[in-house]
Amino acid sequence: MTAYQTLDQLEANGKTVLVRVDLNVPMNDGKVSDFTRIDRVAPTIKELTEKGATVVLLSHFGRPKGQIVPDMSLEPVAHAMSERLGIKIGFFNTCVGNEAMDAIRATGSAGVILMENVRFFAGEEQNNADFAASLAALGDLYVNDAFSCSHRAHASTEAIARLLPAYAGRNMEAELTALSAALEVPARPVMAIVGGAKISTKLDLLFNLIEKVDNLVIGGGMANTFLNAKGVDVGASLCEHDLADTANEILAKAEAVGCDIILPEDGVLAKEFKEHAKNRTASVLEVGSEEMILDAGPQTVSHICSRLTDCKTLIWNGPLGAFEIEPFGTGTFAIAEVAKRQTQNNKLVSVAGGGDTVAALSKANVTDSFTYISTAGGAFLEWMEGKDLPGVKALMAQ
């Protein structure tokens, strides 16, 4: 990976440091319901304040589309952060202009202030140079600690990084280090697990991965499209029949480059998609016309786990079944447990990301044991697809 500057190179004392964070956190009745993203940026905030910087936090919340939407104000998040981190975090009701500068000056050395939602300004999502300059005028240095937002070329993630000395925060650094270890210079053999509903949303990902990994496990609804392409009748299962040719193209390319694709051999079948639906386990060759494959079967799970114990790197994006309803998470959870054990025994580097993936691994109680769990959604996926992320590329240009 091309070098980028981190907090190790940043001289913070007496400086005003603009820090792009992702505080687009889940809210329930006006209160933060999940503190994961707040916890992830805490190390950067703490380090900068300890070094004597005035820390100015920039973030978006929701999709106000350039309008002031009171329900999308970051003010409640500032209060929640103060309580969660045990430090005083001020709040100001805009993010540009002379009054914003005055509020930052009043914050003082080693203080922290959160500015209002950058997406209240149309220039943010337009990556507008004038709006970026208005943001840059607030500080001396810029830190991007929002990998999850860096797949978008927005003013606070891309343009501003070209106007001020720019650095990666600790959360950004951890993401880049983990993903580099998993995809750019991995210990081999490498296994990727890709699940979810449709291959149409992950075509770029699949084509990229087959050139980088040794074993590619395809599960969830995606697997049905591949089984159908191979002539298997998947009954009433979710399946993109119109992508049979594309699935066969992926299979052929994988064989040509030496990537072993692992598809389900058996599955847990049911006629209804509901909690505790009557189900049976059978070969994928025995799916009835009214049945759906809702989870990987024990033979498939055993095969994957056997391969996994021989691997040194795991990249995971997407569950293998309908884990959110009982009992169709069994396959995902069993594989997650093996990955957890191998990681704990220092035999595996395990990196996972994506909303459903994190939810599934959390339900399996293994997230604390994986090498790295990415909180990014689209950015994690685009990185795995081999695409340049504008926010990251801007840091590399320093």
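1. Helix α6 and the sheet. In this predicted model, helix α6 lies across β9 (190–194), β15 (313–317), β16 (349–353) and β17. The angle between α6 and β17 is about 110 degrees. Angles of 65 to 115 degrees count as roughly perpendicular, so α6 is roughly perpendicular to β17.

2. The sheet itself. The strands that α6 crosses belong to an open sheet of 6 strands, in the order β11-β10-β9-β15-β16-β17. The pairing is parallel. At the edges are β11 (260–262) and β17 (372–374), each of which pairs on one side only. From one strand to the next the twist averages 15 degrees.

3. The β11 edge. Strand β10 (residues 215–218) pairs with β11 in the parallel sense, over 3 bridges. One residue pair can be named here: Val217 has Ile262 in β11 as its bridge partner.

4. The main nonpolar core. The largest nonpolar core has 80 residues, and Phe147 and Leu216 touch the most other members. Helix α6 supplies the largest share of this core, 6 residues. A second core lies apart from it, with 28 residues, including Leu7, Val32, Leu57 and Leu74.

5. Surroundings of Leu216. Leaving aside residues up to four places away in sequence, Leu216 touches Ala192, Val194, Leu206, Leu209, Ile210, Cys259, Asp260, Ile261 and Ile262. Ile262 is also the bridge partner of Val217.

6. Packing of α8 on α9. Helix α8 (residues 220–229) and helix α9 (residues 244–257) have axes that come within 8 Å and cross at roughly 90 degrees. The two helices are therefore roughly perpendicular. On the α8 side the contact is made by Thr225, Phe226, Asn228 and Ala229, and on the α9 side by Ala244, Ala247, Asn248, Ile250 and Leu251.

7. Salt bridges, and the pair at the start of α6. The whole structure contains 19 salt bridges. In one of them Arg170 is joined to Asp8, with the closest N and O atoms 2.7 Å apart. Arg170 is in helix α6 (residues 170–184) and Asp8 is in the segment before β1 (16–20), so the link spans distant parts of the chain, 162 residues apart. Asp8 is exposed, at a relative accessible area of 55%. Both residues also take part in a network of salt bridges that links Asp8, Glu47, Lys51, Arg170 and Glu173.

8. The α1–α2 pair. Arg84 forms a salt bridge with Asp39, and the closest N and O atoms are 2.8 Å apart. Here too distant parts of the chain are linked: Arg84 is in helix α2 (residues 75–85) and Asp39 in helix α1 (residues 36–50), 45 residues apart. Arg84 is partly exposed, with a relative accessible area of 44%. Asp39 also counts as partly exposed, at 33% relative accessibility.

9. The Asp204 pair. Asp204 and Lys387 form a salt bridge in which the closest N and O atoms are 3.4 Å apart. Because Asp204 lies in helix α7 (residues 203–209) and Lys387 in the loop between α13 (378–384) and α14 (390–396), the pair ties together parts that are 183 residues apart in sequence. Asp204 is partly exposed, with a relative accessible area of 41%. Lys387, at 37% relative accessibility, counts as partly exposed.

Key
Residues are numbered from 1 along each chain as its sequence is written. This is a predicted model: local features need pLDDT of at least 70, side-chain atom pairs count only at pLDDT 80 or more; totals for chains, interfaces and linings use all residues. Side-chain values use heavy atoms; hydrogens and water are left out. A salt bridge is a side-chain nitrogen of Lys or Arg within 4 Å of a carboxyl oxygen of Asp or Glu. Helices (H or I, at least four residues) and strands (E, at least two) are DSSP runs, numbered from the N terminus. Buried means under 20% relative accessible area, exposed over 50%, partly exposed in between (1.4 Å probe, protein chains only). A nonpolar core is a set of buried Ala, Val, Leu, Ile, Met, Phe, Trp, Tyr and Cys residues joined through side-chain atoms within 4.5 Å. Contact means heavy atoms within 4.5 Å. Two strands pair if DSSP finds at least two bridges between them. Axes are lines fitted to C-alpha atoms, for helices over the stretch in contact, and angles run from 0 to 180 degrees between N-to-C directions. Angles under 35 degrees count as roughly parallel, over 145 as roughly antiparallel, 65 to 115 as roughly perpendicular and the rest as oblique.
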